[in-house]
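Visitor: Please take me through one chain of this model closely, with attention to its backbone. I would like a single connected account.

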Amino acid sequence: MKVVHNPDLCTGHGRCYALVPELFGDDEFGHGYVLGDGTLTAEQVAAAQRAVAACPERAITLVDD
Amino acid sequence: MTDVINDPQPFRNNAPLQLDRAVGWDYFTAPGEVYERDGAYYLTSIEAIRFAHQHPEVFSSAKAFDSLGSPVPLIPIAIDPPQQIRYRRILDPMFAPRVVTPLEPELRRQVREIIEAFAAKGECEVIRDLGSLYPTGVILTLFGMPLKDRDTFIEWSEAIIETSGKNAASDMSQAQMEAAMNLFGYLQGYITEKRANPGNDSLSAVLALSGDDAWTDEEVLGLCFLFVIAGLDTVTAAISYLMYHLAIRPDLQRAIKETPDLGAKVIEEVLRLELPAPLTPRVTLSDTEVCGVKIPAGAFTFLVLGAANREDRPIPDDIDVENADRGHLTFGGGVHRCMGSHLARRELKLMLEEFLALIPEFSLAPGTQPVCKWPGGTLHLESVNLVWNTGAAQ
């Protein structure tokens, strides 16, 4: 499973990197991005789901790889 | 277009928001997720509001903020894309977490000093003694203006904010006009000075832009004026709500002391429940349809964010720390997402940490009941009187 961040929907609320810094970073505009290629270990899925629920723009999704 | 600014808006103005905002949001939700009252349209569901947020080409901000009575266009809130995007590319980096974080020691020092001034007294009024002082100091710091000007700045901004959301600019009283002119004169002086001698602050950074990116004085004034309207009163309001909810919940005060991470969750929940900017205005530029309801071009539209924040929640109307990480719309969404959200969250976090460090237990002053003034511009408690045992404060 992978976590995907859509930069076209992101407007920089910053909830993903504030709540789940192990999976998301922040850029100079305060927008989020996925660290690495987004591939999740079984232990990281719950944290990624937390970021999905936290994003007010619904810019983060989980996809099967 | 319906002149919402000057026409009476009985439906909006009669909303019962004074005592319990939950009752007020229910009032707005009851007629449906999209509906018309008194010539204005109300969007109350997450789906409807998200549609407006994602279609700024239909739901325009350009004409929507005239009621704030600014003599210059408010930048970037009252600007539509693509020009708005240009402004935000410049401004977002100045308010990003990586800029806010280095300011933290100074912001912490400022709020600690404010709280220390009343900690030994055993009582305070949150708005007067803390909520109005702190955000003003923060904005002055960010803009590189001296903290000693804080009280004058507060006087002007309070006079101006008093106008916002209630009257058209033409209805501004003499005193309000004078305050706006004084504030403009003050800001203009700094703009001139910082153009000549730039400092290491956000205002200097904007003024240093050159060529096609250069800002006119009018644009810079519009930005500064927005910060007075959007960056001061809103944080004051959030501080008043946070302290009110903690005052009536001694269990939460204790829980945060035992588990400091809980503080951020309580802050998110108070932000979800209590919105300083309750009705975000837009004006439609073309005929549209939202959730099956047709809205004509030129319609004044209110996004009722507080109503959407309670949708699909296990505990809609109370602090729910279990679900505090779920997203809410208090800072808006889409291209106009509140530019100051990172700064506001940091201010609230530092304020809460320093308050609890100096005043571990507090409650509402006996016989007092904080109420919101409505109708008005921003929604905030008029006063929150707290008391505590000074023996415990040492």
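Guide: Asp312 of chain B counts as exposed, because 9 C-beta neighbours lie inside 10 Å and the limit for exposed is 12 or fewer. The model is a predicted one, and the values that follow are to be read as such. Phi of Asp312(B) is near 60 degrees, which is positive although the residue is not glycine. The residue is located in the loop that runs between helix H15 (305-308) and H16 of chain B.

A second positive phi, near 50 degrees, occurs at Cys291(B), again in a residue other than glycine. Most residues other than glycine have a negative phi. Cys291(B) belongs to the loop between strand E6 (288-290) and strand E7 (293-295) of chain B. Cys291(B) is classed as partly exposed because its C-beta neighbours inside 10 Å number 13.

The peptide bonds come next. Most peptide bonds are trans. The bond from Trp374(B) to Pro375(B), however, is cis, with omega near 0 degrees. Pro375(B) sits in the loop between E9 and E10 of chain B. A cis bond also leads from Pro81(B) to Pro82(B), where omega is near 5 degrees. Pro82(B) is part of the loop connecting strand E3 (59-60) with helix H4 (83-91) of chain B.

The strands E9 and E10 that flank the loop of Pro375(B) both belong to an open sheet of 3 strands in chain B, ordered E4-E10-E9 and paired antiparallel. Strand E4 (123-125) and strand E9 (363-364) of chain B form the edges, each pairing on one side only. Between E4(B) and strand E10 (residues 385-387) of chain B, the antiparallel pairing extends over 3 bridges. Within these two strands, Glu123(B) faces Val387(B) of E10(B). Strands of a sheet pair through backbone hydrogen bonds.

Helix H16, which follows the loop of Asp312(B), leads on to the partner chain. In total, 18 residues of chain B are in contact with 16 residues of chain A. On the side of chain B that touches chain A, helix H5 (97-119) and helix H16 (341-358) each supply at least two residues. By residue class, that side of chain B consists of 7 nonpolar, 6 polar and 5 charged residues.

Key. Residues are numbered from 1 along each chain as its sequence is written. Chains are lettered from A and ligands numbered from 1 in the order in which they are written. This is a predicted model: local features need pLDDT of at least 70, side-chain atom pairs count only at pLDDT 80 or more; totals for chains, interfaces and linings use all residues. Two residues are in contact if their C-beta atoms, placed from the backbone, lie within 7 Å. Helices (H or I, at least four residues) and strands (E, at least two) are DSSP runs, numbered from the N terminus. Ala, Val, Leu, Ile, Met, Phe, Trp, Tyr, Cys and Pro count as nonpolar, Asp, Glu, Lys and Arg as charged, and the others, Gly among them, as polar. Two strands pair if DSSP finds at least two bridges between them. A residue is buried if 20 or more other C-beta atoms lie within 10 Å of its own, exposed if 12 or fewer, and partly exposed in between; C-beta atoms are placed from the backbone.
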